[in-house]
Amino acid sequence: MALKTEPMVEQLELLGCIQCGKCTGGCPVARKTVLNIRSLIYQMLVEPELDVAAHPELWDCTCCFTCVERCPKDVRPAELIIGLRGQLVESGRIPETIGAALMGTFRQGNPTGMAREDRAAWVDGTEVKAAQEGCELLYFVCCTASYDPRVQPVARALVRAFQAADLDFGTLGTEESCCGNEVRRMGEIGLFEMLVEENSELIRSVGASRLVTTSPHCFNTFKNEYSLDGMEILHYTQLIAELIEQGRLKFSHPPNLPGREAEGKVTVTYHDPCFLGKQNHIFDEPRAILKAIPGVKLVEMDRNRERSLCCEGGGGRMWAEGTNLEERLAFQRVHEAAETGAEVLAVACPFCLLTLEDAVKVQGLESRLQVMDIMELVDLAL
């Protein structure tokens, strides 16, 4: 499929590119696949047409936005990949798993395609108010935390923390739909715009002054790609750090982890999620939470904060394998975590939790390293 390059070059302002190569040089997946964003931009600039279907490596991109962060001319290279994926979506030439995720989102409001009626099953007996009854804080649970059994405990831990801090909060229950962050990055702009319109109307109808999310991906799109004027958008690490600083959330004991030799003491390293760190520069709040938990010793990996290594779960990669199945960034990351001597690799993102926990199992590090969400540590210490 031949794409006329000139309109997209103008739309994305690619003429600002000076071909310095910082985008490809910083791209974590460029080191293990043929994806070369600098080369793609060059082709867009010098060729009248581009055969988009000849670039299966477009699905390798995790949309971590390292290329965007490092571009000295404020070009947004990752947006080119999203735009080219959009051409593939329009033509129907997409991986079957991507198609299934998009269709599941359209039909059931979530990329797993699981029944909307089961979206609130994560509650599992926990008492949660419906936001439609009115509340100050709207808790947006997210698709992964709603449906994935491994991530559901994180949502319940957040609810218990909110209750401990006596917050007036509620959820959208079964009316909650996918935020669309990954939908947009998979190139389905029409579906994304539909989700924005429907979600915005529903969220505004609640009348809450603040919205807090489990996932950095939801946080990113609500904060930067919706127009929820007058509503403060927070990732849970920001809110929990605030509650600790205000003295509204107090820890009563160290987090006693089953099977750990040093009871009550645990060495933790923290993995910065791309959509929280690189893209929204939230680095301090997650670390403040960990440092406030009794018995926790925080150690850093060499690649941390804005240099954090992507887990390879974003940009639709939870539903697409990419072109290199053998080498995964998550494998590198868990070895980096183990080398710090940490017993726990703490995360603040559902995708990071799933990809890194799988990597620990595949790499045979289960006896040395446990992957936990920050809220699971908080919950053990409350």
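## Two parallel sheets and their helix contacts

Thr-267 stands opposite Lys-297 in S8, and this pair is a handy place to start looking around the model. Please keep in mind that the model is a predicted one. The strands discussed here belong to two open sheets, one in the order S8-S7-S9-S10 and the other in the order S4-S3-S5-S6. Helix contacts follow after the sheets, with the residues that make them.

**The sheet S8-S7-S9-S10**

- Four strands build this open sheet, and their pairing is parallel.
- S8, which covers residues 296–299, and S10 are at the edges; each has a single partner strand, so one side of each is left without a neighbour in the sheet.
- On average, neighbouring strands here are turned by 35° against each other, with direction ignored.
- Strand S7 spans residues 266–270 and pairs with S8 in the parallel sense over four bridges.
- Strand S9 (residues 344–347) and strand S10 (residues 370–373) also pair in the parallel sense, over four bridges.
- Within that S9 and S10 pairing, Ala-346 has Met-372 of S10 opposite.
- Helix H15 (residues 350–362) joins S9 and S10 in a right-handed β-α-β unit.

**The sheet S4-S3-S5-S6**

- This open sheet has four strands too, again with parallel pairing.
- Its edge strands are S4 (169–170) and S6, each of which pairs on one side only.
- Strand S3, residues 137–140, pairs with S5 in the parallel sense over four bridges.
- Leu-138 is found opposite Leu-211, a residue of S5.
- H11 packs on the sheet and touches S3, S5 and S6, while its direction makes about 160° with that of S6.
- S5 (residues 210–213) and S6 (residues 232–235) are parallel partners as well, held in register over four bridges.
- Thr-213 has His-235 in S6 as its bridge partner.
- S5, helix H11 (residues 216–224) and S6 form a β-α-β unit that is right-handed.
- Helix H8, made of residues 152–164, lies across S3, S4 and S5 and runs at about 165° to S3.

**Helix pair H6 and H10**

- Which angle do helix H6 and helix H10 pack at, and how many Å apart are their axes? Helix H6 (residues 96–108) packs with helix H10 (residues 189–206) at an angle of about 30°, and the axes are 11 Å apart.
- That angle makes H6 roughly parallel to H10, because angles under 35 degrees count as roughly parallel.
- The H6 and H10 crossing is left-handed.
- On the H6 side the meeting residues are Leu-102, Thr-105 and Phe-106, and on the H10 side they are Leu-191, Met-194 and Leu-195.
- By class, the contact of H6 with H10 comes to five nonpolar residues, one polar and no charged.

**Helix pair H13 and H16**

- Helix H13 (residues 284–292) and helix H16 (residues 374–381) pack at an angle of about 30°, with 10 Å between their axes.
- H13 is therefore roughly parallel to H16.
- Their crossing is left-handed.
- H13 contributes Pro-286, Ile-289 and Leu-290 to the contact, and H16 contributes Ile-374, Leu-377 and Val-378.
- The contact of H13 with H16 counts six nonpolar residues, with no polar and no charged ones.

**Helix pair H14 and H15**

- How are H14 and H15 oriented: roughly parallel or roughly perpendicular? Helix H14 (residues 329–339) and H15 pack at an angle of about 75°, and their axes are 8 Å apart.
- This makes H14 roughly perpendicular to H15.
- From H14, the contact takes in Ala-330, Phe-331, Arg-333 and Val-334; from H15, Thr-355, Leu-356, Ala-359, Val-360 and Val-362.
- The residues of the H14 and H15 contact divide into seven nonpolar, one polar and one charged.
- H15 thus appears twice in this briefing, because besides packing with H14 it is part of the right-handed β-α-β unit with S9 and S10.

How values were computed
Residues are numbered from 1 along each chain as its sequence is written. This is a predicted model: local features need pLDDT of at least 70, side-chain atom pairs count only at pLDDT 80 or more; totals for chains, interfaces and linings use all residues. Side-chain values use heavy atoms; hydrogens and water are left out. Two strands pair if DSSP finds at least two bridges between them. A crossover is right-handed if, with the strands pointing away from the viewer, the path from the first strand over the helix to the second runs clockwise. Axes are lines fitted to C-alpha atoms, for helices over the stretch in contact, and angles run from 0 to 180 degrees between N-to-C directions. Angles under 35 degrees count as roughly parallel, over 145 as roughly antiparallel, 65 to 115 as roughly perpendicular and the rest as oblique. A crossing is left-handed if the near helix is turned anticlockwise from the far one by less than a right angle, and right-handed if clockwise. Contact means heavy atoms within 4.5 Å. Ala, Val, Leu, Ile, Met, Phe, Trp, Tyr, Cys and Pro count as nonpolar, Asp, Glu, Lys and Arg as charged, and the others, Gly among them, as polar.
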